[in-house]
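Welcome! Open the structure in your viewer, keep the selection tool at hand, and follow the stops below at your own pace.

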Amino acid sequence: MRGEYKVPGGKLVAVDLNVSDGRLSEVSISGDFFLEPDEALEDINAALSGLSADAGVEHLAAAVDGALDGAVSLIGFTPEAIGIAVRRALGKATGWHDHVFDVIPPLTLDPAVHVALDEVIAREVATGERPPTLRFWDWDRPLVVIGSFQSVRNEVDPDGAARHGIEVVRRISGGGAMFMEPGNTITYSLVVPSSLVEGLSFERSYSFLDEWVIAALADVGVRAHFVPLNDIASDQGKIGGAAQKRFVAGAVLHHVTMAYDIDADKMLEVLRIGREKLSDKGTRSANKRVDPMRSQTGMSREAIIDSFMASFARAHRTTPAAYSDSELAAAKELVESKFATEEWTHRVP
């Protein structure tokens with residue numbers, strides 16, 4: 001059996017192994033990493049041989065770490081990376097190449113329906129009813145989408161929201177508030193099986209699932225990088241942020257919102273955020289627009305989304321897709337029964 005894992009920003013780790021009587025045997029680690037001294041590779045292989053084939057990434061990484069003394073240097077990889085490669089060899093963890101992704105282009109909907117679709121699609125990916133899915137949002141009215149653990153009264157000015165006709169919906173993932181007017185942000189949701197991020201910490205899973213969009217940003221002329229825990233930035237400042245939700249049923253929701261061209265004055269009237277926080281989103285003054293994607297690319301929002309979808313398709317196996325009638329119906333029912341209710345929206349005081 002063979003498994004591979006490319007460390008984000010690091011090197012490739014490959015493992016070849018057999019399983020005998022439920023235990024790892026003939027383990028051979030290889031890759032384009034650096035390791036000093038050379039003899040440590042034999043110690044790594046020996047540490048893994050004989051371990052249970054059901055061992056998790058943490059157990060495998062601990063065995064490797066325990067076999068190495070302080071004089072050993074792993075450069076470009078980690079014991080955790082070795083554990084993930086072993087799990088992939090055993091078919092317990094998966095890589096990008098193991099999946100074919102549905103890609104759904106923007107469809108204009110009530111933004112609350114998009115919030116509900118995150119839950120609907122994640123349930124289907126977890127059960128195998130739908131393959132891993134990348135979908136882009138488009139919406140027909142303004143909305144503030146707050147994180148799962150945020151307080152409405154702390155985040156939203158009710159007078160400002162009422163003055164501009166902006167409602168509030170709580171999403172299922174954590175993170176901060178999203179100020180969403182039609183055409184002012186680029187938002188997408190990526191839903192994958194949990195096996196794709198098995199063994200990765202939350203922080204590592206953010207950077208891992210953001211790798212493709214960092215490359216996609218380069219395609220539109222933006223030199224971007226990942227900023228822990230969940231931000232994407234260029235040399236000119238923050239571009240956007242990500243949020244995640246892991247489902248015990250076996251799926252991970254990872255969604256990203258990037259500022260395309262936001263009315264900063266209106267946002268300050270609606271959201272209770274100070275100018276200092278606003279400054280990391282690409283503006284020094286509330287009288288300017290928060291427009292990193294528009295100003296840094298010179299492209300229309302639609303052209304950027306088209307380029308993003310093309311970039312993802314070049315890097316991964318994809319299939320053009322759409323929402324089913326049953327998915328849309330389930331999302332609308334969830335809006336009525338959950339996302340539009342006072343109990344859900346104000347569940348955090």
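Begin by selecting Asp-21, which sits in the loop between β2 (12-20) and β3 (23-31). This is a predicted model, and in it Asp-21 has a positive phi of about 55° even though the residue is not a glycine. Is Asp-21 buried or exposed? With a relative accessible area of 80%, Asp-21 is exposed, since anything over 50% counts that way.

Now step along to Glu-26, in strand β3. Here too phi is positive, near 50°, in a residue other than glycine. Glu-26 has 61% relative accessibility, so the residue counts as exposed.

**Two cis peptide bonds**

Next, select Glu-36 and Pro-37 together. The peptide bond joining them is cis, with omega at about -5°. Pro-37 belongs to the loop between β4 (34-36) and α1 (40-48).

For another cis bond, jump to Pro-228 and Leu-229: omega of the peptide bond from Pro-228 to Leu-229 is near 5°. Look for Leu-229 in the loop between β12 (224-227) and β13 (231-234).

**Along helix α4**

Select residues 111-127 to light up helix α4, which has 17 residues. From the first C-alpha to the last, α4 reaches 25 Å, close to the 24 Å expected at 1.5 Å a residue. Where is the kink in α4 centred? Zoom in on Leu-117: the kink is centred there and amounts to about 25°.

If you switch on a surface, keep in mind that α4 is mostly covered, with 14 of its 17 residues buried.

Both ends of the helix deserve a visit. At the start, show the side chain of Asp-110: one of its oxygens comes to within 2.8 Å of the backbone nitrogen of Ala-112. At the other end, just after α4, you will find Gly-128 with a positive phi of about 85°.

**Past the helix, into β7**

Carry on to Arg-130, in the loop between α4 and β7 (133-139). Is Arg-130 buried or exposed? The relative accessible area of Arg-130 is 8%, so this residue is buried, the cut-off being under 20%. To get a sense of distance, draw a line from the C-alpha of Arg-130 to that of Ser-201: the two residues are 71 apart along the chain, and these atoms are separated by 25 Å.

Then select Thr-133, which lies in strand β7. Thr-133 is buried as well, with a relative accessible area of 1%. Which atom of Pro-131 lies 2.8 Å from a polar atom of the Thr-133 side chain? Show the backbone to find the partner: the backbone oxygen of Pro-131.

**A look into a pocket**

Rolling a probe the size of a water molecule over the atoms reveals where empty space is left. One such place to visit is the second largest pocket, which holds about 190 Å³ of space.

To see its walls, select Ala-112, Arg-141, Val-152, Glu-167, Val-168, Val-169, Phe-339, Ala-340, Glu-342, Thr-345 and His-346. Try colouring this lining by residue type: you should get 6 nonpolar, 2 polar and 3 charged residues. Which element gives the most to the lining? That is β9, with 3 residues. Both β9 (167-170) and α13 (342-345) supply at least two lining residues each. You have already met one residue of this lining, Ala-112, at the start of α4, where its backbone nitrogen has the Asp-110 side-chain oxygen within 2.8 Å.

**Two last stops**

Select Ser-148, in the loop between β8 (143-146) and α5 (152-155). Its relative accessible area is 3%, so Ser-148 is buried. Turn on side chains and add Arg-347 to the selection: a polar contact of 2.5 Å joins the side chains of Ser-148 and Arg-347.

Finish at Asp-219, in helix α7 (residues 202-219). Asp-219 is partly exposed, with a relative accessible area of 43%. Add Ser-307 to your selection as well. Asp-219 and Ser-307 are 88 residues apart in sequence, and their C-alpha atoms are 7.5 Å apart in space.

Terms used
Residues are numbered from 1 along each chain as its sequence is written. This is a predicted model: local features need pLDDT of at least 70, side-chain atom pairs count only at pLDDT 80 or more; totals for chains, interfaces and linings use all residues. Side-chain values use heavy atoms; hydrogens and water are left out. Helices (H or I, at least four residues) and strands (E, at least two) are DSSP runs, numbered from the N terminus. The expected span of a helix is 1.5 Å times one less than its number of residues. The bend at a residue is the angle between axes fitted to the seven residues ending there and the seven starting there. Buried means under 20% relative accessible area, exposed over 50%, partly exposed in between (1.4 Å probe, protein chains only). A polar contact is a pair of N or O atoms within 3.5 Å; within protein, one must be able to donate a hydrogen and the other to accept it, and residues adjacent in sequence count only if both atoms are side-chain atoms. On a 1 Å grid over the protein atoms alone, a cavity is a set of points where a 1.4 Å probe fits but cannot get out, and a pocket is an open set with protein on both sides within 12 Å along at least five of seven lines; lining residues have an atom within 4 Å of a point. Grid points are joined across faces, edges and corners, and a volume is the space filled by probe spheres set on the points. Ala, Val, Leu, Ile, Met, Phe, Trp, Tyr, Cys and Pro count as nonpolar, Asp, Glu, Lys and Arg as charged, and the others, Gly among them, as polar.
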